[in-house]
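Biologist: I'm new to this one and would like a close look at a single part of it. Could you walk me through it in plain words?

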There are 2 protein chains.
Amino acid sequence: MASPAFDGFGPVPGVDVGQSFVDRRALAAARVHRPLQAGICGTAEQGAESIVVSGGYEDDDDGGDVIIYTGQGGRDPDTGRQVRDQVLTRGNAALVTSLTTGAAVRVVRGSGGARAYSPVSGLRYDGLFRVDDCWSERGRSGFLVWRYRLTQLEQAGSTAQPALPAPRQPMGQQAPGRTTVTTQRIVRSTAVADFVKRAHDYTCQVCDVRLTTPTGAYAEAAHIRPLGRPHCGPDIAANVLCLCPNHHVLFDLGMLAIANDLTILSGAGDFHRDKIREVATHQIDRAYLTYHRSHHAHLEGHV
Amino acid sequence: MASPAFDGFGPVPGVDVGQSFVDRRALAAARVHRPLQAGICGTAEQGAESIVVSGGYEDDDDGGDVIIYTGQGGRDPDTGRQVRDQVLTRGNAALVTSLTTGAAVRVVRGSGGARAYSPVSGLRYDGLFRVDDCWSERGRSGFLVWRYRLTQLEQAGSTAQPALPAPRQPMGQQAPGRTTVTTQRIVRSTAVADFVKRAHDYTCQVCDVRLTTPTGAYAEAAHIRPLGRPHCGPDIAANVLCLCPNHHVLFDLGMLAIANDLTILSGAGDFHRDKIREVATHQIDRAYLTYHRSHHAHLEGHV
């Protein structure tokens with residue numbers, strides 16, 4: 001089968017959520033997940049099209065609508081055990097790109113996975129998920145692994161997910177309107193986040209930028225220890241930073257971290273401040289800063 | 001009725017999408033839309049809770065799942081005609097805040113609105129919409145009006161919209177997890193946008209910032225003349241800028257505009273470049289820059 005490097009995001013026409021496939025060859029023929037062996041299909045530039053969750057990695061954790069997925073590589077082909085650090089190339093890099101673009105990823109479950117959510121035999125297409133967190137850590141084996149949290153996208157019915165058309169059109173003059181949307185990045189906020197933004201008057205704690213809008217100012221709130229599984233950081237002010245959108249992106253990707261004395265640590269260049277700004281009404285709990293740093297083990301060399 | 005300044009976003013428990021109300025008093029009693037007269041309920045700080053679309057403004061344009069809504073104020077109370085410029089306060093400011101936070105807005109239609117989508121009599125709760133564009137322009141009357149595009153959020157069934165809980169909890173120690181999510185900002189991308197980002201090597205055309213990520217770089221693409229109704233800008237490279245997230249926010253809100261000689265015009269402070277950067281492989285069509293500037297008539301004094 002001739003496989004282009006990139007074939008398109010989103011649902012495959014004619015394939016329903018919940019549809020079964022007898023083996024990887026049938027799955028590839030249906031273009032749901034094209035490689036016959038690799039667990040991740042995609043490129044660093046475009047993002048991941050699809051993954052197979054089959055329980056092959058000791059650190060995987062399938063919670064149904066939320067999957068903690070381990071990257072590829074570093075395993076002994078005979079024993080399946082992790083014997084080397086994973087590196088951020090190929091499929092692993094593709095899933096990081098999916099995080100930054102928000103592209104939907106097709107998820108296929110195999111019979112080897114978590115019993116509660118996996119098919120008894122063969123493989124099953126389980127619909128679209130979004131990569132909403134990624135980090136690197138020392139896995140159970142002691143080696144560096146890349147981990148990703150994928151959250152299921154809402155679907156109206158088992159076969160009615162919104163079509164996310166593949167970016168196949170040329171760069172010509174057509175004006176395709178809404179159907180050209182392929183990816184999205186989502187920035188969430190909470191009531192606690194709003195409190196922190198107000199405490200800092202919407203001024204970035206890293207660079208002092210304050211983005212003026214017609215009605216006030218715009219800033220984003222970054223949870224230091226992320227909300228949701230597996231981090232379960234609390235939604236309290238001591239776990240939130242007020243950042244400009246640029247530094248929010250860098251912080252979430254681990255390109256920017258904060259030492260416990262509030263020194264700015266970065267693998268992304270210099271900043272004009274040495275330490276982030278604190279204000280009397282908003283104190284940061286250092287335990288969350290420690291969690292954020294250890295949570296991005298790939299930064300060991302940088303920060 | 002005692003009305004707090006802010007009562008909460010999202011669905012009202014016990015009220016179904018499509019539910020009818022005989023008059024504004026019944027609508028207010030159900031807490032779907034609390035003011036008895038104003039068309040917009042909300043505050044500049046929190047955003048808009050709800051609006052009533054009743055055809056009162058000459059510039060409204062109800063397309064069903066997409067509504068072009070005109071802000072409040074500036075009308076003669078006797079004739080209903082626009083006799084003054086609208087200003088960006090109260091409800092008008094609340095809808096701008098909803099754009100920047102992404103908060104869901106309850107939409108109620110009254111019998112005075114567009115025939116195809118409005119109830120025959122009384123009022124009807126029509127579910128949650130998101131403000132995804134706002135601008136100011138000279139209305140049919142010649143006076144400045146604020147306009148907003150609201151797009152209906154997907155819903156699984158007529159009564160099954162996802163609950164967006166109100167930000168009512170105190171700033172305490174509880175760790176409420178996913179249910180604290182109240183708002184989100186969405187940054188979309190397209191294949192054309194990806195082309196432009198690559199042409200600039202993910203470097204902001206306004207400030208030359210290039211955000212480094214573990215797998216490359218991160219930038220956002222801004223459509224100069226927006227996609228979708230009513231602007232119907234084309235999804236072509238000549239209508240796209242490569243921006244960092246900070247300048248994307250400012251550009252979309254009209255705090256930053258570009259002259260046809262590519263000079264940066266701003267009501268949001270100085271920039272270290274005088275003109276945006278162009279590259280040989282990506283030329284900008286000046287007609288879209290002109291559209292963007294005229295589309296933000298409130299900037300006349302600034303830029």
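Which residue stands opposite Ala222(B) in β13(B)? Please start there and take me through the surroundings.

Modeller: Happy to, with one reminder up front: this is a predicted model. The residue you're after is Leu241(B), which stands opposite Ala222(B) in β13(B). The two strands involved are β12 (residues 220–223) and β13 (residues 240–243) of chain B, which run antiparallel and are joined by 4 bridges. Look along β13(B) and you'll see Val240(B) and Cys242(B) pointing one way, with Leu241(B) and Leu243(B) pointing the other. Every one of those four is buried. That back-and-forth fits a general pattern: in a regular strand the side chains alternate between the two faces of the sheet.

Now hop over to chain A. There, β12(A) and β13(A) pair in the antiparallel sense, over 4 bridges. Ala222(A) has Leu241(A) as its bridge partner in β13(A). On β12(A), Glu220(A) and Ala222(A) go one way, while Ala221(A) and His223(A) go the other. These four are buried too, Glu220(A) and His223(A) included.

Next, move on to helix α4 of chain A, residues 245–252. How covered is α4(A)? Mostly: 8 of its 8 residues are buried. Going along the helix, they are Pro245(A), Asn246(A), His247(A), His248(A), Val249(A), Leu250(A), Phe251(A) and Asp252(A). Within chain A, they pack against β12, β13 and β14 (256–258), so the strand pair we just visited is part of the helix's surroundings. From chain B, the partners are β10 (211–213), β11 (216–218) and α4. After α4(A) comes Gly254(A), with a positive phi near 75°.

The meeting of the two α4 helices deserves a pause. In general, two packed helices are described by the angle between their axes and the distance between the axes. Here α4(A) and α4(B) pack at about 145°, with axes 6 Å apart. Chain A brings Pro245(A), Asn246(A) and Val249(A) to the contact, and chain B brings Pro245(B), Asn246(B) and Val249(B). By class, that contact has 4 nonpolar residues, 2 polar ones and no charged ones. As a general point, an α-helix has 3.6 residues a turn, so residues three or four places apart point the same way.

To place this part in its chain, step back a little. Chain A is split into domain 1 (20–163) and domain 2 (191–299), and the C-alpha centres of those two domains lie 29 Å apart. Where they touch, domain 1 contributes 11 residues and domain 2 contributes 8. On the domain 1 side, β5 (66–70) and β7 (123–138) each supply at least two residues, and β7(A) gives the largest share, with 5. That side has 5 nonpolar, 2 polar and 4 charged residues. Chain A as a whole has 5 helices and 15 strands, and buried residues make up 44% of its 303 residues.

Finally, a word on confidence. Chain A averages a pLDDT of 82, and 81% of its residues score at least 70. Over residues 156–182 of chain A, though, the pLDDT is below 50, and that stretch has 57 contacts in the model beyond near neighbours in sequence. For the model, the scores are ipTM 0.74 and pTM 0.76.

Terms used
Residues numbered from 1 in each chain as written. Chains lettered and ligands numbered in written order. Predicted model: local features only at pLDDT ≥ 70, side-chain atom pairs only at ≥ 80, totals over all residues. Domains from an automatic or database assignment. Contact = placed C-beta atoms within 7 Å. Nonpolar A, V, L, I, M, F, W, Y, C, P; charged D, E, K, R; others polar. Buried ≥ 20, exposed ≤ 12 C-beta atoms within 10 Å, placed from the backbone. Pairing = 2+ DSSP bridges. pLDDT = per-residue confidence, 0-100. Axes fitted to C-alpha atoms, helices over the stretch in contact; angles between N-to-C directions.
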